[in-house]
Each structure stands twice: as C-alpha cells, then as structure tokens.
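Notebook open. I wanted a look at a pocket, a helix and one threonine.

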Amino acid sequence: NDPAATTVPAADDTTAAADETTAPQQTEAQTTEEAFSFTFEDVELIPGQIFDASALPEPASLYQVPSCAIDGTDNVYNFGTIEVTAFHDGTQEIIYSVYIIDANTPTAEGLYIGDTLDMVVSAYGEDYTKEGNQVTYQKGDTLLIVILDGDYVRSIDFRWVVE
C-alpha cells in the first residue's frame, strides 16, 4: 500500500463518483479559513477531505480499527509524529482525524502537547466548549479537540464532524 497524502479538490471539482454506500459524503471543498487543518511534510491535511497517498512519506505503520465515521473499518497511518485516520467512502479515502502524537510537533498556531490551557486559549481564542478535561473548538464541519491533564495539554486532535 502507498502512504497517504492529502489533496484538497477545487470548489468546481466534479470528478467524485456517486457513492452507493452509507458513508458520509463530502459536501464542498473547504479552506483553512472554514476548517481546522494540520500541515505535515508541506501537505495540508483537512478532516473531511480526500486523503491521497502520493505526497507523504511511507508511514511507520498502518493498521485498521473499527470506524467511528462509517460502518466498517478505518485505516490509521502512523507517521511517528502524527496519526491520520481515514475511511474509504466507496471511491476514495477521506480524512476523519489528524492526531498529534509527538510533544515536539506544534499546530500551525504554535500549540504543543504539554502547553497550558491558557496557551490553548491564547492560540485559539475564548470560543470553545469544555466538558470535563476536553476543550473543543469548532470551525465549519471540523473540530479541534484538546484533552487536558489538569491544566496541561495531553493530546491534540483535528477531527471531522460526521453527520
């Protein structure tokens, strides 16, 4: 299998084939202004967008898990610093989440695992919801989910809102 990469289709892209499965469908192309994204190896990864293997290096590992997005399984690509979870919608792979697993890997806004809640708010603003130890920001149909351990960031996850 090829490693995964992301391309974002142009707004006028009409090449998507009809899907006869029950998988969620992409509605329209998103930009970083209306969606959270993460850039890895100069490739912008946007939850809810196509995941293409051509632009990223070989993953350190690839495994399958029961899907959170569809009936079936997700592919989890581990690149050492991040994990990308993608599902197949019948015609192509779609990014479900991008999970930072390395404390030395920042978001575009400069947030690291180990930073404080104050640093999260400084980077992303006051418009969030907090339930228990989870802080969630929403932009379009994407989420930025930050899990805290006390006042410190334990994990950072960019995720697609599957309807």
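Before the pocket, the bookkeeping: strands are DSSP runs of E with at least two residues, helices are runs of H or I with at least four, and both are numbered from the N terminus. The model is predicted, so I note that local features need pLDDT of at least 70 and side-chain atom pairs pLDDT 80 or more, while totals for chains, interfaces and linings use all residues. Residues are numbered from 1 along each chain as its sequence is written, and side-chain values use heavy atoms, without hydrogens and water.

Entry 1, the second largest pocket. I looked up which strands line it: strand 5 (61–66), strand 6 (73–78), strand 7 (82–88), strand 8 (93–100), strand 11 and strand 12 (152–160) each give at least two residues. By class I got nine nonpolar, three polar and four charged lining residues (Ala, Val, Leu, Ile, Met, Phe, Trp, Tyr, Cys and Pro are nonpolar, Asp, Glu, Lys and Arg charged, the others, Gly among them, polar).

Entry 2, helix 1 (residues 117–124). Leu117, Val120, Val121 and Tyr124 are its buried residues (buried is under 20% relative accessible area, exposed over 50%, partly exposed in between, with a 1.4 Å probe and protein chains only). Asp118 and Ser122 are exposed, on the face turned away from the buried side. After helix 1 comes glycine 125, with a positive phi near 95°.

Entry 3, threonine 142. I found this residue in strand 11 (residues 142–149), buried at a relative accessible area of 0%. Its side chain reaches the backbone oxygen of lysine 139 at 2.7 Å. A polar atom of that side chain also lies 2.7 Å from the backbone nitrogen of phenylalanine 36.

Terms used
Polar contact = N/O pair within 3.5 Å; in protein donor to acceptor, adjacent residues only side chain to side chain.
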